[in-house]
Amino acid sequence: MLIFKTIPEIRDFVKREKSGGKTVGFVPTMGYLHQGHLSLVEKAREECGTVVVSIFVNPLQFGPREDFSQYPRDFARDSAMLGDCGVDALFHPTGEEMYNGHHNTFVEVAGVTDCLCGKSRPGHFRGVATVVTKLFNIVQPDRAYFGQKDAQQVLVIRKMARDLDMPLAVVTVPTAREPDGLAMSSRNVYLTPDQREKAPVLYKSLRAAAEAVSAGERDVNKLVGMVKQVINNTEGAVMDYVEIRSLPDLDEKEWLDLPSLMALAVRFGKTRLIDNIVLGE
Ligand code: AMP
């Protein structure tokens, strides 16, 4: 696996691969990799002749009181994992390489960023859309892979790619979970053993709502109320939000349209976990 730290190097590499007729698949990440990230890589490997992964902890998508400086990093372990997965090139730029000290241009996706994580984390999706646009312009992939774990993020990227005529396909990969249902996340390492034991309640409560939908429940407030009650009854869990929204526009509804997205964010101490389920899938 080749490792590039600068924009001209990765651009040259991709140019060579494309001129050899290869389809280029791209998986952007912030590193501290787990099986969730690797499932994106595996999908890209299946569908593309060349696979490029980026590792960049993007300061622009973290709020001033968020965990940018503490975000877990382990480049040696990450690059060994990616090498073992048959990744062709790893792009690992510095903050300086990406933002150059003078960065003044931002990508704002309106509408779908107003609710859910966009509401609890002001500026987050502006940071995501900006860095993903830059990475797309740098790597120029044919296909880019994102996890359903960050459901709103994929919707934002899809909308952005369509609105701005970005010439690539956005591919969504299902959420990889631990055996007890907890969605894999780089942030799970922050959890204490007690919090880790309780964290599967996110997915359990979503599953219970999905079962109620299968049994015929269509009242959005009732479904949201069920999940809130389960989370509020879990010691140490603090609800940030739980909502049901239409797909793909994330509109609010009183009565459920199928399929719809049910998404939640819950804090355990300083650690904020998110998860989601598509109701009626
Ligand atoms: P991150 O490193 O957290 O920015 O994530 C990089 C990519 O991996 C994003 O597209 C995420 O949605 C995806 N991802 C993270 N966790 C999971 C998971 N448990 N299952 C599937 N994809 C994931």
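**Ligand surroundings, a helix pair and one loop histidine**

An oxygen atom of the ligand sits 2.9 Å from an N or O atom in the side chain of His 37, a polar contact in the sense of a pair of N or O atoms within 3.5 Å (within protein, one must be able to donate a hydrogen and the other to accept it, and residues adjacent in sequence count only if both atoms are side-chain atoms). This is a predicted model, in which local features need pLDDT of at least 70, side-chain atom pairs count only at pLDDT 80 or more, and totals for chains, interfaces and linings use all residues. Residues are numbered from 1 along each chain as its sequence is written, and side-chain values use heavy atoms, with hydrogens and water left out.

The backbone joins in around the ligand too: a polar backbone atom of Gly 147 is 3.0 Å from a ligand oxygen, and one of Ala 176 is 2.8 Å from a ligand nitrogen.

Turning to the helices (DSSP runs of H or I, at least four residues, numbered from the N terminus), helix 6 (residues 124-139) packs against helix 7 (residues 151-163) at about 55°, with the axes 10 Å apart. Axes here are lines fitted to C-alpha atoms over the stretch in contact, and angles run from 0 to 180 degrees between N-to-C directions. That makes helix 6 oblique to helix 7, the label for angles that are not under 35 degrees (roughly parallel), over 145 (roughly antiparallel) or 65 to 115 (roughly perpendicular).

As for His 92, its side chain reaches the backbone oxygen of Ile 55 at 3.1 Å. Leaving aside neighbours within four places in sequence, His 92 is in contact (heavy atoms within 4.5 Å) with Phe 4, Lys 5, Ile 55 and Phe 75.

Conventions
Helix = DSSP H or I, 4+ residues; strand = E, 2+ residues; numbered from the N terminus.
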